[in-house]
Amino acid sequence: MRRLILGHTTEFTLLAVMVVLCVGLSLATDRFFTISNAFDVLNVSAVNIIFAVGLLVVLISGGIDISFAVAASVVQYITALALGALGGGNWAEGFIIAGAIGIGLGLINAALVYRLHIISIVATISTFNIFFGLLMFFTKGVSIYDLPEWLTTRVVFFEREMADGSWIELTLPVVVMILCCLATWFMISRTTIGRQLYAFGDNPEGARRFGINIAAMHYISFGWMGLMAGIAGLMQAHYAEEVVPNALYGRELDVLAATVLGGARLGGGKGSVIGCVLGVLMVSITQNGLNLMGVSPFAFKMIVGAIILIAITLSSARIDKLFPFLATDSTKRKGTHQ
Amino acid sequence: MSDEPLLSLKNIKVTFGGVRALKGVSFEVNPGEVHCLAGENGCGKSTLIKVITGVYKPQEGAEFFFDGKAISAMTPTLAQSLGIQVIWQDLALFGEMTVAENIGFQYAVNGKYGLVDKRAIEEAARKALSRLGVSIDIHLPLKELPIAQRQIVAIARALVGEARLVFMDEPTASLTQSETDYLIDIVRNLSASGVAVVFVSHRLAEVLEISDRMTVLRDGALVGVFPVEGMTQSRVTELMTGRNFDSSVVAADHDDAQVVLSVRGLTRATEFEDISFDLRRGETLGITGLLGAGRTELALTLFGMHRPQAGEIAIEGKTVKFGSNRDAIRAGVGYLSEDRLSLGLNQPQSIADNLVMASLDKLLSGGMISPVKKASVVSHWISALGVKIGTPDDPIRTLSGGNQQRVAIAKWLAIGPKILILDAPTVGVDVGARAGIFEIVRKLAAQGLAIILISDEPPEVYFNADRIIHMVEGRIRATYDPRHLSLTELESAVYA
């Protein structure tokens with residue numbers, strides 16, 4: 001247990017901050033601490049969590065992606081058009097088309113980074129602009145509202161009326177989100193490819209000397225990010241019941257902040273799925289709580305920013321640096337000699 | 001030892017773009033032997049290792065035998081499958097991963113069905129570590145281990161690959177004496193279990209202690225193969241450099257000279273305590289002690305980067321309180337950092353830019369850096385310190401360790417210092433180039449500069465300082481005059 005906590009300090013700190021936040025919100029509002037509100041938070045966060053686990057894989061391998069949210073918009077739009085051309089389609093075709101386009105866009109990023117040696121932040125800021133520019137140019141900013149009926153119908157796996165008359169619902173986006181999390185967790189921690197991604201992000205030269213296929217690392221990480229972006233795009237279209245070209249614009253920074261908040265290291269080699277989930281939930285819970293407390297929506301961004309700052313400071317700084325009086329003699333000596 | 005050599009190379013020639021890196025070298029290693037490959041930087045040691053591991057192809061006419069079998073074309077994969085492993089100086093380990101994952105990394109790459117077999121990894125890690133006779137918690141993240149233990153992890157990783165011949169490239173460069181001793185024990189264990197070890201090192205003392213035989217290279221050519229028994233450090237240095245360095249004590253009295261730096265009761269909790277000494281014009285004060293003795297911490301405080309909690313520092317009789325190292329630089333204190341690669345020099349930048357980094361305000365002309373002043377400062381110091389360069393605009397990383405160190409010293413001389421603190425100035429510098437660095441130090445002292453020379457190698461302070469302070473756990477244990485004790489006495493005091 002001690003090892004588990006030491007190995008996942010960031011995650012546990014985040015969990016602790018979240019518990020404090022939840023207790024505070026429960027005392028401040030009477031509606032926060034209800035099961036139906038918990039399910040609300042999950043439903044709202046599902047798309048961002050799918051994005052986050054995709055981004056996690058890129059971060060672990062030492063890259064970064066800024067373009068995934070607008071890539072998801074491109075996926076939504078093309079998928080909606082393709083389904084229309086197919087005469088409606090169904091869920092299976094929707095997932096295949098969205099996933100394939102997402103992977104394709106991810107591979108473009110990988111090729112720019114690997115073949116042209118452009119650092120990933122520059123490459124993906126470029127593709128962010130190119131994807132978004134092309135989308136707005138060809139769509140002229142027009143939204144699609146006449147989506148196939150199956151796509152906009154809510155899919156509920158489990159629902160129940162609570163004693164107080166509120167409803168709890170387990171919807172498709174949440175189930176898909178859970179599957180994406182499990183798949184990503186399995187890939188990064190149970191397969192050899194996952195360990196190689198960590199190794200490559202941690203020490204690229206060491207990985208190269210070990211004979212790891214560097215090209216494969218790029219294509220797999222960005223390809224996985226693309227797949228998750230495609231799925232998230234489809235889920236967003238399902239959830240919003242419409243395709244708005246600029247609806248996801250700006251999501252990338254929220255997701256990036258939440259992922260790093262969850263312990264993924266910019267620079268590679270570190271990060272976990274559970275951390276991602278906690279990071280996104282942390283932001284969602286804050287917004288949800290502020291909503292319930294009746295705080296002006298104009299203040300949201302400011303408060304969310306502050307919460308992220310506090311959480312990241314607590315989880316990354318050494319406690320004895322923040323509060324020197326807590327430092328024991330042994331930690332002090334360790335600090336000076338290593 | 002069997003008569004048949006494990007590895008036998010003859011007539012190895014390698015040419016890079018017209019430069020002959022290896023000029024027909026032969027090299028032999030016996031099974032289970034500890035062999036030393038010695039030579040200065042650029043003598044062809046690493047080229048030879050890369051030929052043996054299949055990274056470079058030798059030219060026509062080379063003979064290559066491993067375990068009695070002729071190898072016509074070596075490749076990195078073939079080298080690995082034959083059990084030839086290299087532990088690189090920079091270790092190539094993964095900091096965020098656990099010890100077990102680092103050691104058993106090949107199981108993480110070649111798992112069955114593409115899945116990671118955690119048990120196989122931990123099993124392999126335990127086996128490798130127990131073979132080395134060490135116990136390290138295999139679940140710890142590597143980055144939490146001290147550098148010496150990381151070295152052991154790297155060795156353990158080589159063992160997982162059924163190593164028969166292990167090259168260790170500068171394995172002790174960043175280790176203290178006791179850690180080096182520990183590593184040497186491990187190398188002995190390895191050799192006793194039949195693994196041949198080739199030790200590549202600058203530190204001659206340990207080479208002489210551990211090896212059975214040594215192969216010396218100079219300028220890409222074989223100088224010879226020598227039994228280590230009966231070899232002395234100065235003989236090895238002579239073989240490596242082709243020159244003869246006589247070391248003699250240079251200590252002299254400076255009692256009449258003006259006191260430049262006076263330190264009284266300087267204390268920083270957990271770092272050092274009650275440090276007092278005087279440093280006079282033209283004097284070189286050596287500070288030695290093991291890693292963790294507080295040498296670097298003391299230097300950083302004298303350089304204004306840390307604030308003392310008690311005691312005082314006076315420069316030329318005036319008490320000073322440095323708010324930052326900018327104040328210290330203004331007061332005439334220069335500090336040559338112990339880590340030249342990452343702290344002392346800005347590797348991608350040019351030689352000229354590095355050289356003037358600390359003295360930019362002296363180059364101003366109407367608020368702008370004057371290119372004329374800059375060029376004259378740069379050319380002055382490059383010729384004064386005998387730095388061998390192409391042009392001053394080349395990136396500093398293109399220079400050898402010794403030449404980089406000269407530029408780093410010039411950087412501080414350009415501020416016109418009264419006091420120069422040299423922290424481990426010979427780390428990563430060749431034996432031949434070391435002598436050059438100390439020549440500069442002596443010349444500077446003769447010109448009246450007060451110098452503090454910090455080193456964990458007692459001979460360096462013994463032969464180059466006027467007085468030696470020996471620090472133990474943050475306190476001054478003793479002050480020695482090199483004229484009144486032998487090097488052996490100093491060494492046994494330091495390593496006691």
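**Strand and helix exercises**

In β20(B), Leu285(B) has Ile452(B) as its bridge partner. The model is predicted: local features need pLDDT of at least 70, side-chain atom pairs count only at pLDDT 80 or more, and totals for chains, interfaces and linings use all residues. Residues are numbered from 1 along each chain as its sequence is written, with chains lettered from A and ligands numbered from 1 in the order in which they are written.

**Exercise 1.** Place the pair Leu285(B) and Ile452(B) in its sheet.

*Solution.* Start with the two strands, β13 (residues 284-288) and β20 (residues 450-454) of chain B, which pair in the parallel sense over four bridges. Strands are DSSP runs of E, at least two residues, and helices are runs of H or I, at least four, numbered from the N terminus; pairing takes at least two DSSP bridges. Next, extend to the whole sheet: six strands of chain B form an open sheet with mixed pairing, in the order β16-β19-β20-β13-β21-β22. Its edge strands, each pairing on one side only, are β16 (333-336) and β22 (475-480) of chain B. From one strand to the next, the twist averages 20 degrees. Finally, add the helix: α10 (residues 295-302) of chain B lies across β13, β16, β19 (419-423), β20 and β21 (467-472) of chain B. The angle of α10 to β19(B) is about 150 degrees (axes fitted to C-alpha atoms, for helices over the stretch in contact; angles from 0 to 180 degrees between N-to-C directions).

**Exercise 2.** Describe the sheet that holds the pair Leu266(B) and Ile275(B).

*Solution.* Leu266(B) stands opposite Ile275(B), a residue of β12(B). Strand β11 (residues 259-268) of chain B pairs with β12(B) in the antiparallel sense over six bridges. These strands belong to an open sheet of four strands in chain B, ordered β12-β11-β14-β15, with antiparallel pairing. The edge strands here are β12 (272-280) and β15 (318-320) of chain B, each paired on one side only. The twist in this sheet averages 25 degrees from one strand to the next.

**Exercise 3.** How do α4(A) and α5(A) cross, roughly parallel or oblique?

*Solution.* The axes of α4 (residues 68-85) and α5 (residues 91-114) of chain A come within 9 Å and cross at roughly 140 degrees. The two helices are therefore oblique to each other (under 35 degrees is roughly parallel, over 145 roughly antiparallel, 65 to 115 roughly perpendicular, the rest oblique). The contact (C-beta atoms, placed from the backbone, within 7 Å) includes Ala71(A), Val74(A) and Ile78(A) of α4(A), and Ile97(A), Ile101(A) and Leu105(A) of α5(A).

**Exercise 4.** How many residues does each chain give to the contact between chain A and chain B?

*Solution.* Chain B gives 20 residues and chain A gives 23 residues. On the side of chain B, helix α4 (residues 105-109) gives the most, with three residues.

How values were computed: Two residues are in contact if their C-beta atoms, placed from the backbone, lie within 7 Å.
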